[in-house]
Number of protein chains: 2
Amino acid sequence: MADYENFELGDLVLQRGATLRRATLAYKTYGNLNEDKSNVIVYPTRFGGRHTDNEWLISEGMALDPGRYFVIVPNMLGNGLSSSPSNTPAPYDRARFPHVTVQDNVAAQHRLVTERFGIEKVALVVGYSMGAQQTFQWGASYPEMVERILPFCGAARTSPHNFVFLEGVKAALMADAAFKGGWYDEPPATGLRAFARVYAGWALSQTFYRERVYLEQGYSSLEDYLIASWEGNYVGKDANNLLAMLWTWQNADIGLTRRFDGDFEVALGAIEAKAIVMPGETDLYFTPEDSEYEVRRMPNAEFRPIPSIWGHFAGSGRNLADVRYIDDALRELLAS
Amino acid sequence: MADYENFELGDLVLQRGATLRRATLAYKTYGNLNEDKSNVIVYPTRFGGRHTDNEWLISEGMALDPGRYFVIVPNMLGNGLSSSPSNTPAPYDRARFPHVTVQDNVAAQHRLVTERFGIEKVALVVGYSMGAQQTFQWGASYPEMVERILPFCGAARTSPHNFVFLEGVKAALMADAAFKGGWYDEPPATGLRAFARVYAGWALSQTFYRERVYLEQGYSSLEDYLIASWEGNYVGKDANNLLAMLWTWQNADIGLTRRFDGDFEVALGAIEAKAIVMPGETDLYFTPEDSEYEVRRMPNAEFRPIPSIWGHFAGSGRNLADVRYIDDALRELLAS
């Protein structure tokens, strides 16, 4: 039995031109919507993640307390629950799944929030990594609606270096002939494992590896960490789904929202929400430098890096000190 | 006509146990050995490089002036000129080429220097990247012989994170079934291109890409840079040769020299040569932090990072300011 619900999007015309017919947005809510609908938090998912991967930040006693807030977690298009290569019928199935932008995701989420729940104000949008990209997009697309944002370990625009890192993981996956241009019947396991092994170097800092933190996490060696944690995480995922989300990531840029006509700086300036922008201090691809650039151009934002050796994974929920640091910032922002 | 010479190593017994029969060391010399043999510089090659790739640092008017010094450039084992998977006869050919350590390389180079040229003192050992690893090894293996060392953008031991980065490029290459476990007849072109694409994110800094420095280097777009520079560089290389050198790299550790019995810190302490250790300030895998750790344990060393946004490529000879910075340090060290 599914632990989530589906919102029917109908024939979804995408920013890049395709129409995704009978598209669906899978979502889960936590807590109850209060009477004046003033307790809404939207918390989009990360690359490769599902609503359940967000739950470490939602619980009683934490800032995102379901006893107080109504937390909506929409699953990103391409993640296997919302419309994705793996669940879309022909002819837009598998390798033919269309290009979906961050704007498309957030527009669909906006429909969920307004059409299904009749919500007019969102107290907070928060997200990690690609979830942070969607968070920035919410702020830029619906400034009159979004009161606060807290994007962590993400950016409003994917940097050229981040793009190149993703070219690498993509090339590793697609080097496996079993991928068959996306028309595989059996998963391209070798390519998925290569994808994971390339990714492993990027997601955590040099210091994380130097200090062998993985040994404290229940892995018996570096190779055990690479196999049990990294290959184990990716070998069961659908390759086309990963590549669909990866395209969304590579092409993320709030400036490409229609009304900003390609102007990234104008888009940043349009984010009226009170914001705390939290990059991981040692993140190798969503760098603090990029966040700082963004914050300087946002009217109501604070730059607050997470002091952590966990690299991008400072926002993954794996390290208690980082979880507390993010939770404290959320509490502060929600109280303001 | 070859522009280099071969030194016959005979039956080379390697540190990890194999014997490489009729092994050869390809080398080139620049300048003339003076009468008291006091003007010797040894300058080993980098990963995937040959003696010609070192020549940007050797010329009249520069520190490594062939009018003054006798510069010996030995080609690393596995690089396609010295004994390598691609040129070794069966049964140690191709996928069966044995594991070669940095110690093996430097021991062979020591024989070249002493047996062929009768040299007893080396004024300087210098090297970039894996060439720096060999430079540290020279200092640790032959402290009574080596007067100065200048390793740049390298380390005396490959860090765990650096190891993981290399796991990624390796996995990308080997994901191509055309690699056939090393027994290919046609090159695994897709795997080599994936290898290059993964590597591209690592070799240069986030800032290099953010500032689109590749456009100033004659590339018309990011994709043109990835194809023309990166894929272009690797698609013609022999996959087994790359993997042989990569194994050497992953297992580099001067502490594994027999007399140090695994003790890295003792090995660092044994480097008596006057040293300037020059990491690239923004190098993502041979990090300044690792160099600093090493310098603190070397009796006669200075830590001098190269201020550059070129990442690991600060030592590649491509950026004039970096070349000058390294050349100045070489001049200073040689004068001392």
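Axes here are lines fitted to C-alpha atoms, for helices over the stretch in contact, and angles between them run from 0 to 180 degrees between N-to-C directions. Keep that in mind for the first stop, and remember throughout that you are looking at a predicted model.

**Stop 1: two helices in chain B**

Select residues 102-116 of chain B, helix α1, and then residues 130-141 of chain B, helix α2. Their axes come within 9 Å and cross at roughly 65°. Angles of 65 to 115 degrees count as roughly perpendicular, so α1(B) is roughly perpendicular to α2(B). The crossing of this pair is right-handed.

Now show the side chains where α1(B) and α2(B) touch. From α1(B), pick B:V102, B:Q103, B:N105 and B:V106. From α2(B), add B:Q133, B:Q134, B:Q137, B:W138 and B:S141. Colour them by type and you will find three nonpolar residues, six polar ones and no charged ones.

**Stop 2: a hairpin in chain A**

Move over to chain A and select residues 5-13, strand β1, together with residues 19-30, strand β2. These two strands run antiparallel and are joined by seven bridges. Zoom in on A:V13, and opposite this residue, in β2(A), you will find A:T19. Five residues lie between the strands of the hairpin, and A:G17 there takes a positive phi near 120°.

**Stop 3: the other partner of β2(A)**

Keep β2(A) on screen and add residues 70-74 of chain A, strand β4. β2(A) and β4(A) pair in the antiparallel sense, over four bridges. To see one pairing, select A:K28, whose bridge partner in β4(A) is A:V73.

**Stop 4: where the chains meet**

Bring both chains into view. Which helix of chain A gives the most to the side that touches chain B? The contact takes 29 residues from chain A and 29 residues from chain B. On the chain A side, α3 (160-174), α4 (189-203), α5 (206-210) and α6 (222-234) each supply at least two residues. The helix to select is α3(A), which gives the most, with nine residues. Coloured by type, the chain A side divides into 15 nonpolar, eight polar and six charged residues.

**Stop 5: the axis between the copies**

Finally, superpose chain A on chain B. A turn of 180° with a shift of 0.0 Å along the axis lays one on the other with an RMSD of 0.0 Å. The two copies are thus related as by a two-fold rotation axis. To find that axis, select A:A172, the residue of chain A that comes closest to it, at 2.1 Å (C-alpha). As 100% of the interface residues of chain A are also interface residues in chain B, the copies meet through the same surface.

Notes. Residues are numbered from 1 along each chain as its sequence is written. Chains are lettered from A and ligands numbered from 1 in the order in which they are written. This is a predicted model: local features need pLDDT of at least 70, side-chain atom pairs count only at pLDDT 80 or more; totals for chains, interfaces and linings use all residues. Angles under 35 degrees count as roughly parallel, over 145 as roughly antiparallel, 65 to 115 as roughly perpendicular and the rest as oblique. A crossing is left-handed if the near helix is turned anticlockwise from the far one by less than a right angle, and right-handed if clockwise. Two residues are in contact if their C-beta atoms, placed from the backbone, lie within 7 Å. Ala, Val, Leu, Ile, Met, Phe, Trp, Tyr, Cys and Pro count as nonpolar, Asp, Glu, Lys and Arg as charged, and the others, Gly among them, as polar. Two strands pair if DSSP finds at least two bridges between them. Copies are superposed by least squares on the C-alpha atoms of residues with pLDDT of at least 70 in both.
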